[in-house]
Amino acid sequence: MNKKGGCFSVFLVLILSFSLLLNLMFLSILQSKKATGAPTSLEEEFVGGDFAIKDSKIALIHLRGLISQDEAGTFTQNSVEDIKVQLKAAREDKKVKGIIIAINSPGGEVNASDVIYHEIRLTRNVKPVVIYMESMAASGGYYSAVGGTYLMANDLTITGSIGVIMESFLVKDLMEKVGVKAFVFKSGKMKDLLNPTREMTPEEQTFVQGLIDETYNRFVSIVSKERHIDINKLKNNLADGRIFMGQDALKNGLIDGLGYFEDAFNKCKELSKVQSARLIRYTPPFRISNLFRVFSRGMTPKIELNYPGIRFPLSSGQLYYLYPQAFGLSS
């Protein structure tokens, strides 16, 4: 009897678990039909300012870590879409008078940085956007930042690093040592560009450098336009990949002011023409599908190259606006 009772209990638990899983999946499908794509309304959390003020809000949005469309998001499928969703919510909320974007990023993918810059610039045409640079807003982090209305950093902030980087590897000598050969069948001479099993040809090096130069020129042109700095001054001095601390960044016109977060909050109120405001940040609405996303992230196999004490984040052949020293890499 005990054995039969134990088996029945296990069977009952399995049935209940399966039923719960089916119900969660059913609710997830219903929610996805009601709200396909990004959430149209986000919940708010009070984080500072005057709690009593209801009709004047300043929205705080964080841009942190590697800027990449492969980085998982909190509100959406990736972190770049997260920024877009929050900016859209702030633009459309009439009670939001201004926006603070707190950046702590060494940069990231070229396209992802450009998308965020575009969204910030679009938003500043509607409401003031104060950029507050925390520990670092370098390369793609700075690229994104120049879309703001007013740029503020701390004395100890690392910014600048205006430039482009692409990395690849050459494993030909290693393969020869271990007796491994690679056979490549391709439709055109450039199809296996950056193949790590062979040396690059001079033609390929020229082609890749052309991509770098084209992307770099776009970066410099945007900084020149947004910061009103002569493009030749940038290319010959400020935009050679070097970094700047807060004081030097201010002196060279890369930012508009220095201060702490409360100074950025006061500047945003000033630009928004409000004396008091409630400081809020967005939180994602609860969705059943988020639970499955959390589980799936843990089960998704990942391949990473690791060095002692650091994670190597770059994909071979990908263009980056990135300050590589932030990851212990030389440029």
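How many aromatic pairs does the count come to? In this predicted model, the count comes to four aromatic pairs. In one of these, the ring centres of Tyr 117 and Tyr 143 lie 5.6 Å apart with their planes at 80 degrees, and the pair is therefore edge-to-face, the angle being over 60 degrees. Because Tyr 117 belongs to helix H3 and Tyr 143 to helix H4, this pair ties together parts that are 26 residues apart in sequence. Both Tyr 117 and Tyr 143 are buried, and ring pairs link these two residues with Phe 219 into a cluster.

Phe 219 is also among the buried residues of helix H6, which spans residues 202-227. Helix H6 has 26 residues and reaches 37 Å from its first C-alpha to its last, a value close to the 38 Å expected at 1.5 Å a residue. The buried residues of this helix further include Val 208, Ile 212, Thr 215 and Tyr 216, as well as the charged-type side chains' positions Glu 204, Glu 226 and Arg 227. The elements that cover the buried residues of H6 include helices H3 (110-124), H4 (140-145) and H7 (231-238), together with strands S6 (150-153) and S13 (320-322). Helix H6 is followed by His 228, for which phi is positive, near 55 degrees.

Apart from the ring pairs, the face of Phe 51 is the site of two further contributions from side chains: Lys 54 lies over this face at 4.7 Å from the ring centre, and Arg 278 lies over the face of Phe 51 at 4.4 Å from the ring centre.

Methods: Residues are numbered from 1 along each chain as its sequence is written. This is a predicted model: local features need pLDDT of at least 70, side-chain atom pairs count only at pLDDT 80 or more; totals for chains, interfaces and linings use all residues. Side-chain values use heavy atoms; hydrogens and water are left out. Helices (H or I, at least four residues) and strands (E, at least two) are DSSP runs, numbered from the N terminus. The expected span of a helix is 1.5 Å times one less than its number of residues. Buried means under 20% relative accessible area, exposed over 50%, partly exposed in between (1.4 Å probe, protein chains only). Contact means heavy atoms within 4.5 Å. Rings of Phe, Tyr and Trp (its six-membered ring) pair if their centres lie within 6.5 Å; planes under 30 degrees apart count as stacked, over 60 as edge-to-face and the rest as tilted. A charge sits over a ring if NZ of Lys or CZ of Arg is within 6 Å of the ring centre and within 35 degrees of the ring normal.
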